[in-house]
Structure formats: structure tokens, C-alpha cells
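Me: I have just opened this structure and would like a friendly tour. Could you take my questions one at a time?

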Amino acid sequence: HIAVLGSINMDLVAYVAKAPQRGETVTGREFRTLPGGKGANQAVAAARAGATVSMIGAVGTDAFGDRLRSALDHSGVDTDLLRTVEGPSGTAHIVVDDDGGNAIVVIPGANAALTAVDAGDEAAIASAGALLLQLEIPLEGVLAAARSARASGVRTILTPAPAQPLPPELLAATDLLIPNEHEAAALTGLADPADAARALLDQVPEVVVTLGAAGSLYAARGADPVRVPARRVTAVDTTGAGDTFVGALAVALGEGNSLPEALSWASAASALSVRRPGAAASMPYRKEIDAEAGV
Ligand code: ADP
């Protein structure tokens, strides 16, 4: 099984022709509440891709908390380790304009409580085939989980998003780092993804840089970076593409596939997700991924 420690947010999305400027009020077209958060999205992606998934996270005592918990349950994610924290759930306030551009405010809410792991979390991590981490919760919590995984010899896969400077100890406890091209550049100061990947190999043994429609790039020590093409598809909504990619990749690796095989399967999974609207809602199930990947 796969353990995920990370954020759970309700995405509050306003669709408008043009985003308001400071001091301006505009009338939008539509409003939606969509379960999200990088942690929850990766958990849903991995569960739909066929793994048993334990989500370690926190929701609030507001109505969103109940909805977020049941959305995870509904996708088959084990929510036994979710905490309910007095106060609001995490929310992301998103304005999407007609050009597909967006502006986002994230308020951590209950996610801010994830500063440590307890004995139950450690047991779930120790028995997992992989631990998935991202950076939408306090760094102390991410570090505690990474340490725990390292102590039990569990593979840690870190998505360094949102981009921020990383403590060396976290990178030292990471087996596979998966930045997108912007995060790779922010972490290294190098604009070229292959250069950035090579630089990151000083600190982690394996790096995958995702490049949107251009696919991904895989680098390991002692070899030249390898490009994995994306599938040619008509993208409708790329929100959550990266989380779908990581969730599927973790499942394929957990089943004993090599990294190149797992990357090809993950690229099929994320291609399916960009063809449909929504983040978690667009994530494909096992059968669809196998059909798309031709296995
Ligand atoms: P993030 O959402 O984290 O920024 P990317 O945009 O790099 O991540 O996308 C992750 C993966 O999803 C890519 O490596 C690619 O395989 C797939 N993907 C993303 N956008 C497209 C697209 N337009 N067409 C096909 N595949 C895509």
C-alpha cells in the first residue's frame, strides 16, 4: 500500500471572463466547490490507479471537513488516520478567467496542524511500499514523516510544491524528487530542466522533472537524463496533471516496474486526466490507464 501525508483543501472556484483588479468588483459566471489539495489529489490518483492508500491529513470541524472526508472515502482512500481539527478546513480560493489563467489564495486551516506524526502514522508509513509527500503542510510534519520512512527503509517520493527552499535533511531523506520545470528552476536557479535535474542529483539519487505537454525527464546518478514524451492529446484542463502523474507513478513502482516503465504508465494516466475537466474528478481508474498505456 501507499501512504500519503499532505494537504486536504476545498477548492472554491469562481469562473469569470476577466479577473478583478484591486478595488474592482466583477460579476462571475459560475462557482464550484471541488475537493482538492495536493496531498488528497495524490491519494485519490493512487487509489484510482489501483493501490490501497492511507491518507494522513487533517480536516476542520466545518461542513467542508465532512465533505472532504467523504470525497476521499468515496474514491477508496483509507481515512482512518485523518485528524479532525477544531476550526476551518483548508481552502483554496481560485479565480479562473476565460483565458484559462488563474489566481489562487490558499488558507491552510486544519492543514497547519500537521506538524508531527504519531504512532499510528508511523505504523502506516513503515508498512507502506512508498510514502508520498508534498509541501502544502508545515515543513516539520513533512520532515517527521520523511525521517520515519527512512528509518523503516520505505521509499519517499517528494513533490516540492509549492516551491520553497528545502532543508538539506529533507532532500537527504528523499529517494525520488518530482518537481515540475518551474519548481526545478526555483530549487536550483537553473532554467534548463536537464541542468536542474543534474544539479539535484547531488542531493537525491533519482529525479523526475515534469514538463507539461513536453512530457518528463528522468535523471539518475551516473547516466545522462532521459526524456519521456507526453501523449499527444487535446488538453481541456491540466489542473492536477502533476498529482495524477505522481500517484500513478508510485503505484507502478510499487508493483515492481522499473522507473522507465512506470513513467510511461504515469504519462498515460496524466494524459487521460488532462482530457477531462477537474482535478481529482478527472483522475483515471486502473482499467482506463491500462487501456491507454496498451498493457
Ligand atoms: P504540474 O501539474 O505539476 O505542473 P505538469 O504540467 O508538468 O505537472 O504535468 C505532469 C505530467 O502530466 C507531464 O509530465 C505529462 O506527462 C502530463 N501532461 C501535462 N500536460 C499535458 C498535456 N497538455 N498533454 C499531455 N500530457 C500532459
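What follows is a set of questions and replies about this predicted model.

Me: Which residues does the UniProt annotation "domain: Carbohydrate kinase PfkB" cover?

Reply: Happy to start there, with a label that comes from an unreviewed UniProt entry. Over the stretch it covers, the chain is 33% helix and 23% strand, and the end C-alpha atoms lie 18 Å apart. The record lists this domain as residues 1–284.

Me: Which residues carry the UniProt annotation "binding site"?

Reply: This label also comes from an unreviewed UniProt entry. Two of the residues it covers sit in elements we will visit: Met10 in strand 2 (residues 9–15), and Lys38 in helix 1 (residues 38–48). The full list in the record is Asn9, Met10, Asp11, Gly37, Lys38, Gly39, Ala40, Asn41, Glu136 and Asp243.

Me: Is Met10 buried or exposed?

Reply: Let's look at its surroundings. Leaving aside neighbours within four places in sequence, Met10 is in contact with Thr33, Pro35, Phe64, Arg67, Leu68, Ser89 and Thr91. A residue needs 20 or more C-beta neighbours within 10 Å to count as buried. Met10 has 27 of them inside 10 Å, so it counts as buried.

Me: Strand 2 also holds Leu12. Is Leu12 buried, partly exposed or exposed?

Reply: Leu12 touches Thr33, Thr91, Ala92, His93 and Ile94, not counting residues up to four places away in sequence. Its C-alpha atom is also 7.3 Å from that of Phe31, although the two are 19 residues apart in sequence. Inside 10 Å, Leu12 has 18 C-beta neighbours, so it counts as partly exposed.

Me: Which residues does Lys38 touch, not counting those up to four places away in sequence?

Reply: Lys38 belongs to helix 1. With 26 C-beta neighbours inside 10 Å, Lys38 counts as buried. The residues it touches beyond those up to four places away in sequence are Gly6, Ser7, Gln134, Glu136, Thr159, Ala161 and Asp243.

Me: Ala161 is in that list. What kind of peptide bond joins Ala161 and Pro162?

Reply: Pro162 is in the loop between strand 10 (155–158) and helix 5 (168–172). The bond joining Ala161 to Pro162 has an omega of about -5°. That peptide bond is cis.

Me: Which residues of helix 3 are buried?

Reply: Helix 3 spans residues 119–126. Turned away from its buried side is a face with the exposed residues Ala119 and Gly120. The cover over the buried residues includes strand 1 (2–5), strand 4 (53–56), strand 9 (130–133) and helix 4 (139–151). The buried residues themselves are Asp121, Ala124 and Ile125. Seen down the helix axis, they fall within an arc of 100°, so they line one face of helix 3.

Me: What do the buried residues of helix 6 pack against?

Reply: In helix 6 (residues 181–188), the buried residues are Glu183, Ala184 and Leu187. They cover an arc of only 100° around the axis, which puts them on the same side of helix 6. Just after this helix, Gly189 takes a positive phi of about 75°. The packing partners of those buried residues are helix 7 (193–200) and strand 12 (206–210).

Me: How does helix 6 cross helix 7, left-handed or right-handed?

Reply: The two axes come within 9 Å and cross at roughly 55°. That makes helix 6 oblique to helix 7. Where they meet, Glu181, Ala184, Ala185, Leu187 and Thr188 of helix 6 face Pro193, Ala196, Ala197, Ala199 and Leu200 of helix 7. The crossing is left-handed.

Me: At what angle do helix 9 and helix 10 pack?

Reply: Helix 9 covers residues 259–274 and helix 10 covers residues 286–293, with their axes 9 Å apart. Ser264, Trp265, Ala268, Ala269, Ala271 and Leu272 of helix 9 make the contact with Glu288, Ile289, Glu292 and Ala293 of helix 10. Helix 9 passes helix 10 in a right-handed crossing. The packing angle is about 110°.

Me: How far apart in space are Tyr285 and Ala49, C-alpha to C-alpha?

Reply: Tyr285 is in the loop between helix 9 and helix 10. With 15 C-beta neighbours inside 10 Å, Tyr285 counts as partly exposed. Tyr285 and Ala49 are 236 residues apart in sequence, yet the distance between their C-alpha atoms is 5.2 Å.

Note on methods. Residues are numbered from 1 along each chain as its sequence is written. This is a predicted model: local features need pLDDT of at least 70, side-chain atom pairs count only at pLDDT 80 or more; totals for chains, interfaces and linings use all residues. A residue is buried if 20 or more other C-beta atoms lie within 10 Å of its own, exposed if 12 or fewer, and partly exposed in between; C-beta atoms are placed from the backbone. Helices (H or I, at least four residues) and strands (E, at least two) are DSSP runs, numbered from the N terminus. The arc is that of the directions from the helix axis to the C-beta atoms. Two residues are in contact if their C-beta atoms, placed from the backbone, lie within 7 Å. UniProt positions are given in the numbering used here, feature names are shortened, and annotations may be inferred rather than shown by experiment. Axes are lines fitted to C-alpha atoms, for helices over the stretch in contact, and angles run from 0 to 180 degrees between N-to-C directions. A crossing is left-handed if the near helix is turned anticlockwise from the far one by less than a right angle, and right-handed if clockwise. Angles under 35 degrees count as roughly parallel, over 145 as roughly antiparallel, 65 to 115 as roughly perpendicular and the rest as oblique.
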